[in-house]
Amino acid sequence: MKPIKLVLSAYGPFPSTIEIDFEKLGKEGVFLVSGATGSGKTTIFDGIVYALYGTASGNLRTPGMMRSTYAKPSTKTFAEFTFKSNGRVYRIYRKPEQLVEKQRGEGFTTSPYEVSLEVVGEDIPPYTKKREVDEQIRNIIGLDANQFRQVTMIAQGEFLKVLNSITEERIAIFSKVFKTGKYRAVQEELKGEVKKRNESVNQMEDRLSDAFSKMIKKVKSQRDSFTEHLKGGIHDEPIVGMPTEDSLTTDISSALSMEEQKNFIAKLHREDNEKLNALEIRQSETKKVNAASISERTKLEQITGQFEELKKSREEIEVIERKKKELSEKVLTVPDRKGEIEKLKKQITSLEVERPRYQAITMQRAELTDRAKSLKSLKSSIDTLFEDIGILTKNSEIKSKELKKLEEKVSIKTEVAGKITQVESLLRSTEDFLDNYEIWDSSKKDCSIETDDFLKKDSDYKEWQKIVIDMESNYLKQQAGILAKDLEDGKPCPVCGSFHHPNPASIVGREILKEDIDDAKGKSSSLEKQRNEAYRRVSNLKAKVEASHNQAVKAIEKLNLDIASFSRKSTGNASSGNVHNDNVEDSTLNFENNIENLILKTKGFEASNKFDLKQIKIEEYKSFKENLGVLLKKTKEDFDEIEQAEESVKNLRKEIQDFEEQKGELQREYQGKKDKYNQLVGEYNSSSETLKSTLESMEFKGLEELEVRIKELISEKDKLSEEVDEILKEVDLLEKEWNRAQGQYLTIQKLTEDKDEDAIKENLERLSREISESENRIHQIEKEIRLLNSIVEDERETLKEYDDVLPKLKEAKKIRDIYANLSATCNGDLTGKEKIQLETFVQIAFLDSILVRANSRLLKMTNGRYKLVRQKTPMNRRSQTGLDLDVHDLSNDTYRSTKSLSGGESFQASLCLALGLADEIQSSSGGIAIETMFIDEGFGTLDSTALKNAVNNLIDLSKGNKMIGIISHVDYIYQRIPKRIVVEKQIEGGSTVNIQIDS
């Protein structure tokens, strides 16, 4: 890949658009990227990397930092890079997402990310999607972003760290430089896997140990309870296999292996199952005997119950006979009660005949009540109408007064609109003058600064001119002295041919070389260019000051005319006698003194027809602008109020008309309802008198009182009827009860005729005692079975857990041991072996290959003296080894630490190491050809001989269609390399770029 042109806009320190035409630097050779510290030399490489890959060149730079802080808001940030690869020319363009000024309105909007890649001169559609552009670039260049940065940019100090670090430090550095972190990740993952599998094994062992201990403890506790239970139990004979051992202890697990623990539990389980079976047989036999006793007791209980029922039947018959005797007295009262019922029926019938008359009177009374309510509601409606008419009349009067005031306010609308136009025109003139004055004042200050800079550069240049002249004069004198020291009388002078030398020249001062004069001339030439550039900037600024001065004078002349015009119009309006809004009038009067003062101050300038901007007090005009803004705002607010008043006038007129129409309708409705009310009152009074006379001739006061009396009579009749029915019903019921009890008694008497009640009771008590003893025995056996069942279940569950976990535990231990051995190998932890990790092993292979490539240059750069070698034998087996570097001094065949190299030698070694890395990456990437490289290293650490040697080697390296860019500000390199990309800081901020080619 070879660059053709780089275009950067608003990027880093470059506020505007810069172009770098690499073709001007030639097809091969070394070129210099020079400039002051912080001017943006490395940013050129940043721009290339961002254009190609969308990322910056270093860890400390990110794409988000590319936007120039000096750029104007309207300038877009982008990078465009044209390059050649494999005979084809490509142009790539990238613009990051950024804030830009809105095309309409104020403020900013977000401009989206853009990218495009085109093949120049070929009819191929450009690529415009980020993913496909990135993929195409990787295919074209053959490297990813990290590889490209490593191959094409040797960064400051990076490889000096690599050169002088111990293995532990170099592992971390190589991880970043060689990207071997993935191998370290494997190491860490193996460590983690071993730890995880150890934890898994421990968890399974702990799980089984806990289960065993808990089971032993629980079985011991249950067996103790079981033994205590047996001591208090009732047994006809001992139970076979009852547990009596007391040898179980909770710490037995510590003496047994996992398999032995399982076998121990299995043995206990078999023994306890045998005991459980014996108890279940005893339980079954006891239940059979108990069931027979219960059956016999049930039969005896039935016979005993028959004797009890016989007694109860006899007692029940006696009770029924007493009730029959008591009831016979009530039966005698039944005929009298029936006669009373007939009398009540006749009274009820006579009252029901009167009910229709009372119902008619009730309806008349309800009708009168409804009329009274209607009259009251009508009266309330009439009163409300009267109040509404009064409210409408009052509102109409209020709105009429308000209408009159608003009509007066609307009458001055035209005058206020004219005032707004006058103030806006004057404000524009004021702003135009202030803007032009600001441009002139700023230009004047910039010109003063640039003039001072020019004078300093001119002085430096003249001083160096004098130094060059003195050096050339002394150089000629020294040459004459050198010739004169060999003159002898009688021998001709090689200059003039004379044989006599009465006053030969002598050598004075230190020796001056031709190279010293050339260096001084170069410095003088550089200062001359700087002085000429400064003079150009001063000339441009002076022209800008003059132009801005003329614009400001024109602007203030116009402003004075507008002020005078405004003053006359304001006076004319004030004398016209029109009535103004108070706010507008007050604001206008506040400016009269200010306007008069400005007119007086400029009359002197008008008389001479010349304005002196230096005598103008600009703060007065700024204050005047602010006051104009206040006046304009107040006047517009008043105008808005007038327009609102116009709308209010229309609305008020409509409201007043509506009020009058509503009032007429309400007055007509009021009169109609009043006439109807008087008519209804007369009709109500007449009907009320008629109803009153009718009620005076009635037995009851109303229907309700009649209904109450009828209900009382009906209730009394029903009560007597219920009493008669109850007496007759009770007689019938007692007769039936006596017949049932008598039949039951005779039946039970026949069943118990030949039975001995006392003998039956004795047998029943004996059977109850036997059943109680048998049930106690069954209960005890059931309790024993539950205890043994619990023990057997715990043993079964524990055995199941061992069966489940033991195979998994064996497999887990086997896999853990495999991982542990692999982790120890990859992490350099094998006992008795060198401490070389997997990542270090990969780095060793990588480093060996790089050292071969690096030493081919280092031998040449150090005239065959030094080689870099990797230590083969570790210092000890306790720390990490494998990446320690020594330097082989071929002059005395000794090996020593790289830290013993001088500063210049260290730079040479680290530079060669970096170049070796670049070669290795190109080779491992399929022989990708990178035809351009940037070196940003510390050439300032080299002495003059080493510096010349390094530059010469780089020049040789660049031969064969390869370009090498050196980023440096060392004077020797500036003089030695004629092709330069010069980055200069600008006084107003930011930097600019130009290409210099010395002839």
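This report describes the largest pocket, one arginine and one pair of strands in a predicted model.

## The largest pocket

The largest pocket encloses about 1,300 Å³ of space. Its lining comprises 38 residues, and those closest to the pocket centre are Lys457, Gln530, Val982, Glu984 and Lys985. Two or more lining residues come from each of the helices α10 (413–484), α11 (514–574) and α19 (971–976), and likewise from each of the strands β3 (29–35), β15 (979–985) and β16 (991–997).

Helix α11 provides the largest share of this lining, with twelve residues. Sorted by class, the lining of the largest pocket holds 14 charged, twelve polar and twelve nonpolar residues.

## Arginine 857

Arginine 857 belongs to helix α16, which spans residues 838–861. The relative accessible area of arginine 857 is 17%, and this residue therefore counts as buried, the cut-off being under 20%.

Leaving aside residues up to four places away in sequence, arginine 857 is in contact with Cys912, Leu915, Gly916, Asp919 and Leu957.

## Strands β10 and β11

Strand β10 covers residues 866–870 and is mostly covered, as four of its five residues are buried. Its pairing with strand β11 (residues 885–889) is antiparallel and is made through five bridges. Within this pairing, leucine 868 lies opposite valine 887 of β11.

How values were computed: Residues are numbered from 1 along each chain as its sequence is written. This is a predicted model: local features need pLDDT of at least 70, side-chain atom pairs count only at pLDDT 80 or more; totals for chains, interfaces and linings use all residues. Side-chain values use heavy atoms; hydrogens and water are left out. On a 1 Å grid over the protein atoms alone, a cavity is a set of points where a 1.4 Å probe fits but cannot get out, and a pocket is an open set with protein on both sides within 12 Å along at least five of seven lines; lining residues have an atom within 4 Å of a point. Grid points are joined across faces, edges and corners, and a volume is the space filled by probe spheres set on the points. Ala, Val, Leu, Ile, Met, Phe, Trp, Tyr, Cys and Pro count as nonpolar, Asp, Glu, Lys and Arg as charged, and the others, Gly among them, as polar. Buried means under 20% relative accessible area, exposed over 50%, partly exposed in between (1.4 Å probe, protein chains only). Contact means heavy atoms within 4.5 Å. Two strands pair if DSSP finds at least two bridges between them.
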